[in-house]
Amino acid sequence: MSEYRVVAILWEDHVTKLGAEIPENPDEVFDLPTLTVGILMRETDKSLLVAHDIERLEDYDNSTYTIILKNAIINKKDFGEISLENIRWKGA
């Protein structure tokens, strides 16, 4: 059984505008920040990988996940540990 952290991360996402005027101040274009909640599966010097769900398959496990660049994080809340049976990622 492995221990994983349950986290909520508020972060600034990138913005793409199609057919829009070029703004005088690009910093004013950002909408509300993005909130991601899930299981912190991996952390590097540059990013966090947060899984939203883990689907247990016969031979391996799948996940829906978000990779968040650390320099985009506004706030992070840690909700503690959760114990999960060994996760069997495909190719790992």
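Reader: Why is the pair Arg 5 and Glu 81 called a salt bridge?

Author: Keep in mind that this is a predicted model. In it, the closest N and O atoms of Arg 5 and Glu 81 are 3.3 Å apart. The cut-off for a salt bridge is within 4 Å, so 3.3 Å passes and the pair earns the label. As for the chemistry, side chains of opposite charge can pair when their charged atoms come close.

Reader: What makes this a link between parts that are apart in sequence?

Author: Look at where the two residues sit. Arg 5 lies in strand β1 and Glu 81 in strand β5, so the pair ties together parts that are 76 residues apart in sequence.

Reader: How do you know whether Glu 81 is buried or exposed?

Author: Its relative accessible area is 52%. Exposed means over 50%, so Glu 81 gets that label. Arg 5 has 29%, which falls between 20% and 50%, so Arg 5 counts as partly exposed.

Reader: Which other residue has a salt bridge with Arg 5?

Author: That would be Asp 78: the side chains of Asp 78 and Arg 5 meet at 2.9 Å, N to O. Asp 78 belongs to strand β5 and Arg 5 to strand β1, so here the parts tied together are 73 residues apart in sequence. At 36% relative accessibility, Asp 78 is partly exposed.

Reader: What do Arg 5, Asp 78 and Glu 81 form?

Author: A network of salt bridges links them. Arg 5 has a bridge to Asp 78 and another to Glu 81.

Reader: How many salt bridges does a search of the whole structure find?

Author: It finds 3. One of them is between Lys 70 and Glu 43, with the closest N and O atoms 2.9 Å apart. Set 2.9 Å against the 4 Å limit, and this pair qualifies too. Lys 70 is in the loop between β4 and β5, while Glu 43 is in strand β2, 27 residues apart.

Reader: Why are Lys 70 and Glu 43 called partly exposed?

Author: Lys 70 has 29% relative accessibility and Glu 43 has 47%. Buried needs under 20% and exposed needs over 50%, so Lys 70 lands in between, and so does Glu 43.

Reader: How do you know that β2 and β3 pair?

Author: Count the bridges. Strand β2 (residues 34-43) and strand β3 (residues 47-56) have 4 of them, in the antiparallel sense. Pairing takes at least two bridges, so these strands qualify. One example is Glu 43, whose bridge partner in β3 is Leu 48. A hairpin of 3 residues joins β2 to β3.

Reader: What about β3 and β4?

Author: They pair over 9 bridges, again in the antiparallel sense, and at least two are needed, so the test is passed. These two strands form a hairpin as well, with 4 residues between them. Within the pairing, Val 50 stands opposite Thr 66 in β4.

Reader: Why is Thr 66 called buried?

Author: Thr 66 has 19% relative accessibility. Buried means under 20%, so Thr 66 just makes it. Leaving aside neighbours within four places in sequence, Thr 66 is in contact with Trp 11, Thr 36, Leu 48, Leu 49, Val 50 and His 52.

Reader: What makes Thr 66 and His 52 a polar contact?

Author: Their side chains come to 2.6 Å from each other. The distance limit is 3.5 Å, so 2.6 Å falls within the cut-off.

Reader: Which residues make up the largest nonpolar core?

Author: There are 8: Val 7, Ile 9, Trp 11, Leu 40, Leu 48, Val 50, Ile 68 and Ala 72. Strand β1 gives the largest share, 3 residues. Another core, of 6 residues, lies apart from it, and among them are Ile 39, Ala 51, Leu 84 and Ile 87.

Reader: Is Asn 75 in strand β5 buried or exposed, and how do you know?

Author: Neither label fits! Asn 75 has a relative accessible area of 49%, and exposed means over 50%, so the right term is partly exposed. Beyond four places in sequence, Asn 75 is in contact with Ala 8, Ile 9 and Leu 10.

Note on methods: Residues numbered from 1 in each chain as written. Predicted model: local features only at pLDDT ≥ 70, side-chain atom pairs only at ≥ 80, totals over all residues. Heavy atoms only, no water. Buried < 20%, exposed > 50% of the residue type's maximum accessible area, 1.4 Å probe, protein only. Polar contact = N/O pair within 3.5 Å; in protein donor to acceptor, adjacent residues only side chain to side chain. Contact = heavy atoms within 4.5 Å. Core = buried A, V, L, I, M, F, W, Y, C linked by side-chain atoms within 4.5 Å.
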